[in-house]
2 protein chains.
Amino acid sequence: MRNSTKPRKVVDITRPVLAKNEEFAAANRGLFRDKAMLVLNVIGSPGSGKTTLLEAMARHLHDAMVVIEGDVQTRRDAERIEQAGCRAYQIETHGACHLDAKAVAHALEQLDLDRGECEVLVIENVGNLICPSSFDLGEHLKIGLLSVPEGDDKVLKYPSLFSRISDLVVNKIDLLPHLTFDVERVIAECRSLNGDVRVFKTSGKTGEGVDNFCRFLLDERAKILVARASRA
Amino acid sequence: MRNSTKPRKVVDITRPVLAKNEEFAAANRGLFRDKAMLVLNVIGSPGSGKTTLLEAMARHLHDAMVVIEGDVQTRRDAERIEQAGCRAYQIETHGACHLDAKAVAHALEQLDLDRGECEVLVIENVGNLICPSSFDLGEHLKIGLLSVPEGDDKVLKYPSLFSRISDLVVNKIDLLPHLTFDVERVIAECRSLNGDVRVFKTSGKTGEGVDNFCRFLLDERAKILVARASRA
C-alpha cells in the first residue's frame, strides 16, 4: 500500500476554497469601507486570553466596539462581551477550525450595524495558531496574540501566522514574574519573518497596556475617516 | 452570489481522507502490537507544556521512552527530547495542522525501533485542540492535555477532542496559586462528555504528579505484555 506506484488523480482543493473565500472577503472589505469601521482579525491559541483582552478593551472603547466571536462550540464568549457592554454575535463553527469570510458576512447581516455607530469591529477567531492564518476575512489588521504562558519559542513554530500579521500582541504580561519568557526574543523572531510588525504588550487581567493598544486602534480608525473625507 | 440557487456538485472529502488514514492507523497498530509498545497520542494547545512534560517523563522512563514530535516547523522539540536522554524523531508538517497515521508510519521506519527496547512511544501532536482529534494514529491512549493558564472553560469549547480522549492531563498545576482555575469544573465537564475519562494532574516544570502518571503508563504497558503472553 505504501509503495504503490499507481498514478493518482490529485485534486487541489486549497486554491478554489481560498478563491471563494477571497470573494466574500472582498465583499466584507467593501462593507467595512462603506461604514468606515476599523476591523481586526484576532488570532491566538486556545486560552491565550483573547476574550479577557476584549473585555478589558470594552472598558476603554465602550459601545464603539462590536465583536464577532468565533468558537467551535458554546456561546459563552459572546455572552461575556455583552456583559462587558458591547454588542456581540457568536459564530459556532461546529467543528471547523477557523472562521471564513462567508461566516463573517453572515454575522455582519445579523449584527444590524446601522443601529449605533461601530468604530472598531473585532473578530475573535477560533483558538488556533495554524488554520485561521490562511483565511482573509476582509480585515484591516491581522493580530497575532501570543500569551506569556505559551512560551517564547512559538513564533518560528507557527511561521504561517507570524509572518502574515500586522500586529503582535504579547498578552498576559502580568505573569512575566512567574515564568521564563524572553519578550525580546519573541519580538526579534517575529521581526525576522515580518519586518514591519508592530508590537504591543498587554494584560487583559490587570489592564496594563490596554489603554495604549486602544489608543492605537482609535488612531487607525481616525485615518479611515480622513481617507474617506479626502475621497468625498 | 450569496443567494445563488444553482445546484452544486458537493464532494465530501472528509470520508475518503479519514478512511485512508484508518488504513495506515491499522498498520501502525499492528506494529505496536508486534513490538509490545504502549503508544500515546498527546494533543494540546500550543504552549500547553507538552514537550516540558515529556522532558520530565524522561527523568522517570529514561530510554524506555521514545518520542515522535509533531510541529508545523522547527526541529527544536526533538532536540530537547534528545537532550533529555530519549530517542526522538521530528515530523515537520510544513503547514499541516495535525499529524496523520501515514506521517507516523514514516517516522516509525526512521526510528529503527529494533535498536533498544521501546516500552512507551509518545507521539506529541501539533499544538492544536481541533484538527488532531479526528485522526487516529493507531495509539492506545489519546491524551488531552489542558494547561492551567488556558482557563477552565475549554472542555466544552473543544468537545470533539475532550469527548474522545482516554486520559485528561491537567498540566502546569504549579501555576494554580497565581490563576483562577477550577480543576473540579474541568473534570466534571470532561466527565459529562466522556464518562470513562481518567484524570491526571501534573507540572512538567516542578515534576509534581509526573511520577504517578509514569507509573500508570508502565502499568498499562505491563498489561500489554501480559496480553501478549496469554496469546502465545
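The following dialogue examines the interface of chain A and chain B and one helix pair in a predicted model.

Trainee: How are the residues and chains labelled, and which values are admitted?

Mentor: Residues are numbered from 1 along each chain as its sequence is written, and chains are lettered from A, ligands being numbered from 1, in the order in which they are written. Local features need pLDDT of at least 70, side-chain atom pairs count only at pLDDT 80 or more, and totals for chains, interfaces and linings use all residues, while side-chain values use heavy atoms, with hydrogens and water left out.

Trainee: Why is the pair D71(B) and K157(A) called a salt bridge?

Mentor: A salt bridge is a side-chain nitrogen of Lys or Arg within 4 Å of a carboxyl oxygen of Asp or Glu. The closest N and O atoms of D71(B) and K157(A) are 3.7 Å apart, so the pair satisfies the rule. Between chain A and chain B the count is six salt bridges.

Trainee: Which helices of chain A each supply at least two residues of the side that touches chain B?

Mentor: They are α1 (14-35), α3 (76-83), α4 (101-111), α5 (154-157) and α7 (183-193); a helix here is a DSSP run of H or I, at least four residues long. α1(A) gives the most, with five residues.

Trainee: How many residues are in the contact of chain A and chain B?

Mentor: Contact means heavy atoms within 4.5 Å, and 44 residues from chain A and 44 residues from chain B take part.

Trainee: What makes α1(B) and α4(B) partners in contact?

Mentor: Residues of α1(B), including F24(B) and L31(B), meet residues of α4(B), among them V104(B) and L108(B). By class, this contact has eight nonpolar, two polar and one charged residues; Ala, Val, Leu, Ile, Met, Phe, Trp, Tyr, Cys and Pro count as nonpolar, Asp, Glu, Lys and Arg as charged, and the others, Gly among them, as polar.
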